[in-house]
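Hi,

Here is the structure I promised to pass on. Have a look at it first, and my notes follow below.

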Amino acid sequence: MKERRAARGLSQGELAAAVGVSRQTINSIEKGRYVPSLPLALTLARYFQTTVEEMFDGEAG
Amino acid sequence: MARLARSKWLVPGACALIGAAFALAQWRGGNARDGLYALLFMLVLGLALLLGGRNATGRALRGDARDERFRAIDTRAGALTGLVLILTLVLLALTRLARGETLDPYGELLAVAAVAYIAALALLHWRG
């Protein structure tokens, strides 16, 4: 997810604001410390115009 | 996916109400000065929460900016707090028993904890 965010030139705060969570949540997701709920995972996938599987494949801890 | 939208006044307001309740109880008990200190402490705490919302953690503590991750943290923190309280009550109850004293009030408190836990399990299980 970090790579996709960086490719769009977004900060963690900007992405967080776009999907309605805190910057710390985005940070924790990117570092693999927090597994997002299904609704949040779907929101993130839709935001990046991809699928949940492509977004989080191999990242779930 | 939306954040839980609550007023920033909720937790500070609760602090004020709790402080007022303690102040009233202590005033009724003939300890008005300590009641005033309790009220002042809670008002200061509420004010600190109200004014300390410049970062996400401060706002989450205040109650108006809790996303799913913070709610999960809050839930786990509540469970851990409950466990610590129950273990403390058990320890205090055992201490009283070892001294040949009655279980009051720890027996009643442990009974409340047990009933609350069973009721919560049943309710959450029923709700799915």
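Helix 4 and helix 5 of chain B cross in a left-handed manner. This is a predicted model, so please read everything here in that light. The axes of helix 4 (residues 68–98) and helix 5 (residues 106–127) of chain B come within 9 Å and cross at roughly 150°. Angles over 145 degrees count as roughly antiparallel, and the two helices of chain B are therefore roughly antiparallel to each other.

Which residues make the contact between helix 4 and helix 5 of chain B? Helix 4 of chain B brings B:Ile86, B:Leu89, B:Val90, B:Leu92, B:Ala93 and B:Arg96, while helix 5 of chain B adds B:Tyr106, B:Leu109, B:Leu110 and B:Ala113. By type, the residues of this contact are nine nonpolar, one charged and no polar.

The loop between these two helices of chain B holds B:Pro105. The peptide bond leading into B:Pro105 from B:Asp104 is cis, with omega near -10°. For context, most peptide bonds are trans, and most residues other than glycine have a negative phi. On the second point, look at A:Gln49: not a glycine, yet with a positive phi of about 55°. A:Gln49 lies in the loop between helix 4 (38–47) and helix 5 (52–56) of chain A.

Finally, the interface. Chain A contributes 13 residues to the contact between the chains and chain B contributes seven. Together the two chains bury about 920 Å², with 44% of that on carbon and sulfur atoms. The number of salt bridges between chain B and chain A is zero.

Enjoy exploring!

Best wishes

Key: Residues are numbered from 1 along each chain as its sequence is written. Chains are lettered from A and ligands numbered from 1 in the order in which they are written. This is a predicted model: local features need pLDDT of at least 70, side-chain atom pairs count only at pLDDT 80 or more; totals for chains, interfaces and linings use all residues. Side-chain values use heavy atoms; hydrogens and water are left out. Axes are lines fitted to C-alpha atoms, for helices over the stretch in contact, and angles run from 0 to 180 degrees between N-to-C directions. Helices (H or I, at least four residues) and strands (E, at least two) are DSSP runs, numbered from the N terminus. Angles under 35 degrees count as roughly parallel, over 145 as roughly antiparallel, 65 to 115 as roughly perpendicular and the rest as oblique. A crossing is left-handed if the near helix is turned anticlockwise from the far one by less than a right angle, and right-handed if clockwise. Contact means heavy atoms within 4.5 Å. Ala, Val, Leu, Ile, Met, Phe, Trp, Tyr, Cys and Pro count as nonpolar, Asp, Glu, Lys and Arg as charged, and the others, Gly among them, as polar. Buried area is the accessible area (1.4 Å probe) that two parts lose on being put together, summed over both. A salt bridge is a side-chain nitrogen of Lys or Arg within 4 Å of a carboxyl oxygen of Asp or Glu.
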